[in-house]
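Colleague: Please choose a single part of this model and take me through it slowly, from the way its pieces are arranged to the side chains that meet around it. I am in my first year, so I would rather follow one connected account than a list.

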Amino acid sequence: MLRTVIVEDELLSLNMMKRYIGEHPKYELVGAYSDPLEALRDIPGLEADVLFIDIGMPGLNGLQLAEQVKNEFMQIVFTTAYREYAVEAFRVEAVDYLLKPITRKSIDTVASKLEKIKKLLAIQSIESRAPVMKVQCFGSFQTTNKAGEIVKWPTKKTEEMFAYFIVKEGQIVNKWIIADMLWPEMDSSRAIHNVYNTIYRMKKTFEKFSLPLSIRVINEGYVLEVEGEAEVDFYKIRGLSAQTDLTADQLQLMHNLYAGPLFNDKDYAWSIHLKESFDVLFLNDWDP
């Protein structure tokens with residue numbers, strides 16, 4: 001949905017636009033102002049996608065307001081009764097220019113244009129970002145480095161241990177717990193020996209693929225530390241799923257991130273209950 005703010009000093013026009021936009025399925029009204037100075041104060045914190053701004057306002061006109069609040073992700077649609085403002089409006093990179101009286105049809109017509117531009121801006125933002133390490137846990141479990149290379153783990157248990165540390169995100173995990181989780185069938189001495197060897201292999205893999213990760217020893221345990229930027233779908237989905245009253249955009253983001261069951265192509269016994277909790281969330285309770 002398009003997070004939308006209206007700035008209009010005529011109360012009749014403001015109330016009419018509030019009704020049209022509030023009833024439209026493509027818009028989410030997050031602010032409506034008759035005072036442009038109040039709007040100037042609040043807009044930076046509203047994370048708006050679209051501003052509908054009247055040009056002819058006292059104190060601070062719409063062109064001045066747009067110049068002060070516009071950012072690379074914000075689209076401006078000017079509303080006015082005067083055609084002569086058109087050239088000035090497009091000088092501040094307005095997406096559109098609606099002549100009053102504003103109608104349901106004009107609000108609906110511009111919605112498709114605004115949605116397309118929002119998607120284009122999102123794609124451009126992703127493409128312009130510096131490449132980062134990525135860890136995909138939902139669907140196939142896969143890790144890629146900044147260069148886009150798929151990380152090849154020396155053993156299945158090394159990969160599984162990495163998955164276990166990802167799930168534990170920043171927690172200190174006792175070495176005996178790791179041994180019990182990954183080698184439950186072995187006697188304790190052999191299992192601990194495997195823990196040491198696998199930790200060593202994991203560290204060497206971090207170095208080989210230039211991953212911004214390290215393993216720190218703390219007392220009888222280990223903690224995985226991220227020393228650079230990384231994108232982990234598990235962290236994003238877990239964070240969103242823990243919130244209440246998600247917006248439509250946040251729900252759509254969860255839907256986009258979810259590529260299938262957690263560690264779907266792996267048989268990790270310790271992850272069964274966690275996997276089932278996400279299955280319930282996506283397959284039963286949540287309908288995108």
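**A close look at the parallel sheet**

Modeller: Let us begin with one pair of residues, Leu 2 and Tyr 27, which stand opposite each other, with Tyr 27 lying in strand 2. Please keep in mind from the start that this is a predicted model. The pair belongs to a longer piece of pairing, for strand 1, which covers residues 2–7, runs parallel to strand 2, and 6 bridges join the two. In general, the strands of a sheet are held in pairs by backbone hydrogen bonds, and the pairing can be either parallel or antiparallel.

We can now step back to the whole sheet. It is an open sheet built from 5 strands with parallel pairing, and if you read across it, the strands come in the order 2-1-3-4-5. Which strands stand at the edges, and why is one side of each left without a neighbour? They are strand 2 (27–33) and strand 5 (96–99), and because each has a single partner strand, one side of each has no neighbour in the sheet. From one strand to the next, the sheet twists by 20 degrees on average.

Helices also lie against these strands. Helix 1, made of residues 11–23, packs on the sheet and touches strand 1, strand 2, strand 3 (50–54) and strand 4 (75–80), while its direction makes about 165 degrees with that of strand 2. Helix 3, which spans residues 62–69, lies across strand 1, strand 3 and strand 4, and it runs at about 155 degrees to strand 3. As you turn the model, it may help to find strand 1, strand 3 and strand 4, since helix 1 touches them and helix 3 lies across them.

Next come the charged side chains in and around this sheet. As a general point, side chains of opposite charge can pair when their charged atoms come close. We can return to strand 1 and strand 2 for an example, because there is a salt bridge between the side chains of Arg 3 and Glu 28, at 3.8 Å from N to O, where a distance within 4 Å is required. This salt bridge links distant parts of the chain, as Arg 3 sits in strand 1 and Glu 28 in strand 2, with 25 residues separating them. Are the two partners buried or partly exposed? Arg 3 has a relative accessible area of 18%, so it counts as buried, the limit being under 20%. Glu 28, at 21%, is partly exposed.

Another salt bridge starts just before strand 2 in the chain, where Lys 26 meets Glu 115, and here the closest N and O atoms are 3.5 Å apart. Lys 26 is in the loop between helix 1 and strand 2, whereas Glu 115 is in helix 5 (residues 104–128), so that parts of the chain 89 residues apart are linked by this pair. Both partners count as partly exposed, since Lys 26 has a relative accessibility of 26% and Glu 115 likewise has 26%.

A further salt bridge involves strand 3, and it is formed by Asp 54 and Lys 100, whose closest N and O atoms are 3.4 Å apart. Again the link is between distant parts of the chain, for Asp 54 belongs to strand 3 and Lys 100 to the loop between strand 5 and helix 5, 46 residues away. Asp 54 counts as buried because its relative accessibility is 3%. Which residues are linked with Asp 54 and Lys 100 in a network of salt bridges? They are Glu 8 and Glu 10, which complete a network of salt bridges with Asp 54 and Lys 100. For the model as a whole, the count of salt bridges comes to 17.

To bring the picture together, start again at Leu 2 opposite Tyr 27, and follow the order 2-1-3-4-5 across the sheet. Then place helix 1 on the sheet, with helix 3 lying across strand 1, strand 3 and strand 4. Finally, look for the salt bridge of Arg 3 with Glu 28, that of Lys 26 with Glu 115, and the network that includes Asp 54 and Lys 100.

Key
Residues numbered from 1 in each chain as written. Predicted model: local features only at pLDDT ≥ 70, side-chain atom pairs only at ≥ 80, totals over all residues. Heavy atoms only, no water. Pairing = 2+ DSSP bridges. Helix = DSSP H or I, 4+ residues; strand = E, 2+ residues; numbered from the N terminus. Axes fitted to C-alpha atoms, helices over the stretch in contact; angles between N-to-C directions. Contact = heavy atoms within 4.5 Å. Buried < 20%, exposed > 50% of the residue type's maximum accessible area, 1.4 Å probe, protein only.
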